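Trainee: Got a minute to go through this model with me? I'd like to practise reasoning from the structure on screen.

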Amino acid sequence: MGENKKLTMDMRMLDSHLYTEEDSEKITQVVDSVYEIWAATKEERSTQMIFSDTGVPLKYRNNASYNLDRSVNSFSAYDEIKRLLVLRGIPEEEIRFIHEATDATKEQMMRDMRTGKIRILMASTSKGGTGLNVQDKLLAVHHLDVPWKPSDSTQRNGRIIRQGNENDEVQIHIYITKGSMDSFMWQTQEHKKRVVDQLMRGKSNVREIDEMDNEFGPSVYKAIATDDPVKAEYMQLEMQVENLEQARNRYYESKVSESKRVEREQAKLPVLEERAVLVKKDVTALDQSKDAPFEMTLFYEGKEKRFGSDDKKAAAELFHQLITQHVTETPQQAKLAVFRGFEIYHISHGLTPEGQLFESENETFLFRGQTDYHVQLSITSMLGTLVKINNKLDKLFWDLDKTTQEIERIKAGIGRLEAERSLPFPREEEFKKKMGRLKELKAQLDHTENETVEAEHFLALNGIEQTVTGEIQGIDLEELDYFDSTFLENFDLTELSDEELAALTFNVVFQYQDSLMALEKGVLSLAERDELVLDFHEEEEAYAQLCDAWTARGIAFPDHLQSLNEDKLSLIQMQLYAHLQDQTDLPREGTQEAPSEKQLSLG
């Protein structure tokens, strides 16, 4: 691999005697780009960084490098780039190597870069990728080679993409040798980045690099580095399809979430509508009692006492006393009064974990008319408390307005979600077209038109009257116990193809029908019937898990096996078998339609 990396950079790194400048183009291209930027920004004194982990300056090498004849190789990519740039007219003192810096001089070198005294700085990832604050005038970063880790590329680019850079736009140059080690290195980075992204997202079903993060990333560079137009198209298209598939999965996952949200909102409606009716009755009753003389009944020590307008002050004092005396270890409510047709309850605060009285600026009350209302009031004065309670009751129409608005919001939201539920993935046609082209390119690359999804998954169809056999994720389908729903724990359902998921679903439905037929024949003992009932439960559980996996992909199957008659069960079997046999589309709506005779060939 070391020799291949040398060839990718410059043939002279392999043998400085055997090869010349004409045998390599990468360094020439770098010099052309760097000089062009240097010349165009003389007035601004913009700066550039060149990154390479190979070909370090001869002066700073730890070990000698040898030619093919075992003579010492005196070529250095760093030294050669500097030599060519000086020949073009760039002052030597404006070109520096990070290797020159010591602990004592590194800060001065960074200052010289920030002011433009140094215009070009060459560095390796380890020496210049972190801890280097040189961004002020940095206009361009040049990557001569591919570092091992995606984070290394990020760190390199982090020298220029950061706050404090005076340039509104910056340049990142990637230099790739076609048909070289660059392709392998970018492929390695792509794989590593994909794994890291999965872990960072914390989702096991995410297999793709986010399309915005990866618009120009390892996959693109890998494709550019491939000196094969079919393979290059395949690599780029593969990335696009992966990004589309990720967006598609997210879209249908959101549909599932929206469906559950609709169910939750629909469950709220009857409760809110009933409350609106009850609140309206309470508001009507309060309107009628608004101008009535003061009257309050207080409850204490198992007795009750009525107070009129003349006893309002006494009522206020006793009410305040009852509130202060209502102290309990845990929050509890106690009925204190009846006022304007409403029962007034006080809810105690309880004690703190330290056993102390919980202190609060407000006291909590429950007003109970046709329905309940929770209210918090500050107890400032005895008569003032009664005034506040009276005002709160007069403003219960606010509760009616709030409840009515919530009902309208929920109804509008349900209408919108219902209208959007049946909409397909907006880029479905693009996804299908690119997926089809990807398969064509794969067939070309593999030099066969017989490679199918079934061959890859090692699945065998044995007719609609028998289960599908073969292997999925290395597991033999004939060894699975379909009467134990935990068999699905053997698989990562999110990683299965549609064909693999269809095979598992077909087998579960087939086994369920088989069990159902045995039950209907009536030849089972009582113990066997009990065992079969348990089997039904396990099959139902497995089917429900598979349905969830289908729903996440935008495919609709009935939710419960036990609610289906024989015809509907047979219909599901036929749809799954047709998909396995001819890739017939599975239903995306709640309704189930039988495939045409042309679509089915039930072997």
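**Reading the model together**

Mentor: Sure, let's start with Ser570, which sits in helix H17 (residues 566–582). Keep in mind that this is a predicted model.

Trainee: Is Ser570 buried, partly exposed or exposed?

Mentor: Buried would need under 20% relative accessible area, and exposed over 50%. Ser570 comes out at 27% relative accessibility, so the class for Ser570 is partly exposed.

Trainee: How far apart in space are Ser570 and Ile464, C-alpha to C-alpha?

Mentor: Along the sequence, 106 residues separate Ser570 and Ile464. In space, C-alpha to C-alpha, the distance between Ser570 and Ile464 is 9.7 Å.

Trainee: And Ser497, is that one buried or exposed?

Mentor: Ser497 lies in the loop between strand E14 (475–476) and helix H15 (498–521). Its C-alpha is 9.7 Å from that of Ile472, with the two positions 25 residues apart in sequence. The relative accessibility of Ser497 is 18%, so Ser497 counts as buried.

Trainee: Now the whole protein. What percentage of its 603 residues count as buried?

Mentor: The protein has 17 helices and 14 strands. Residues 24 or more positions apart make up 65% of the contacts with a separation of 6 or more. Of the 603 residues, the share that counts as buried is 43%.

Trainee: Let's look at H2. What span is expected for this helix at 1.5 Å a residue?

Mentor: Helix H2 (residues 26–40) has 15 residues. From its first C-alpha to its last, H2 reaches 21 Å, close to the expected 21 Å.

Trainee: Which residues on the other side of H2, away from the buried ones, are exposed?

Mentor: First the buried ones: Lys26, Ile27, Val30, Val31, Ser33, Val34, Ile37 and Trp38. They cover an arc of only 165 degrees around the axis, which puts them on the same side of H2. An α-helix has 3.6 residues a turn, so residues three or four places apart point the same way. On the other side of H2, the exposed residues are Glu36 and Ala40.

Trainee: Which residues of H10 are buried?

Mentor: H10 has 14 residues that should span 20 Å, and its end C-alpha atoms are 20 Å apart, which agrees. What covers its buried residues includes strands E6, E7, E8, E9 and E10, along with H11. The buried residues of H10 are Ala315, Ala316, Leu318, Phe319, Leu322 and Ile323.

Trainee: How are H10 and H11 oriented to each other?

Mentor: Helix H10 (residues 312–325) and helix H11 (residues 382–394) pack with their axes 8 Å apart, at an angle of about 90 degrees. Angles of 65 to 115 degrees count as roughly perpendicular. H10 and H11 are therefore roughly perpendicular.

Trainee: How many residues in the contact of H10 with H11 are nonpolar?

Mentor: Residues meeting there include Ala315, Ala316 and Phe319 from H10 and Met382, Leu383 and Ile389 from H11. The contact also has 2 polar and 3 charged residues, and the nonpolar count is 7.

Trainee: One last thing: which residue in the loop between E8 and E9 has a positive phi although it is not a glycine?

Mentor: Most residues other than glycine have a negative phi. Arg70, in the loop between strand E1 (47–51) and helix H3 (77–88), has a positive phi of about 75 degrees. In the loop between E8 and E9, the residue with a positive phi, about 55 degrees, is Arg340.

How values were computed:
Residues are numbered from 1 along each chain as its sequence is written. This is a predicted model: local features need pLDDT of at least 70, side-chain atom pairs count only at pLDDT 80 or more; totals for chains, interfaces and linings use all residues. Side-chain values use heavy atoms; hydrogens and water are left out. Axes are lines fitted to C-alpha atoms, for helices over the stretch in contact, and angles run from 0 to 180 degrees between N-to-C directions. Helices (H or I, at least four residues) and strands (E, at least two) are DSSP runs, numbered from the N terminus. Angles under 35 degrees count as roughly parallel, over 145 as roughly antiparallel, 65 to 115 as roughly perpendicular and the rest as oblique. Contact means heavy atoms within 4.5 Å. Ala, Val, Leu, Ile, Met, Phe, Trp, Tyr, Cys and Pro count as nonpolar, Asp, Glu, Lys and Arg as charged, and the others, Gly among them, as polar. The expected span of a helix is 1.5 Å times one less than its number of residues. Buried means under 20% relative accessible area, exposed over 50%, partly exposed in between (1.4 Å probe, protein chains only). The arc is that of the directions from the helix axis to the C-beta atoms.
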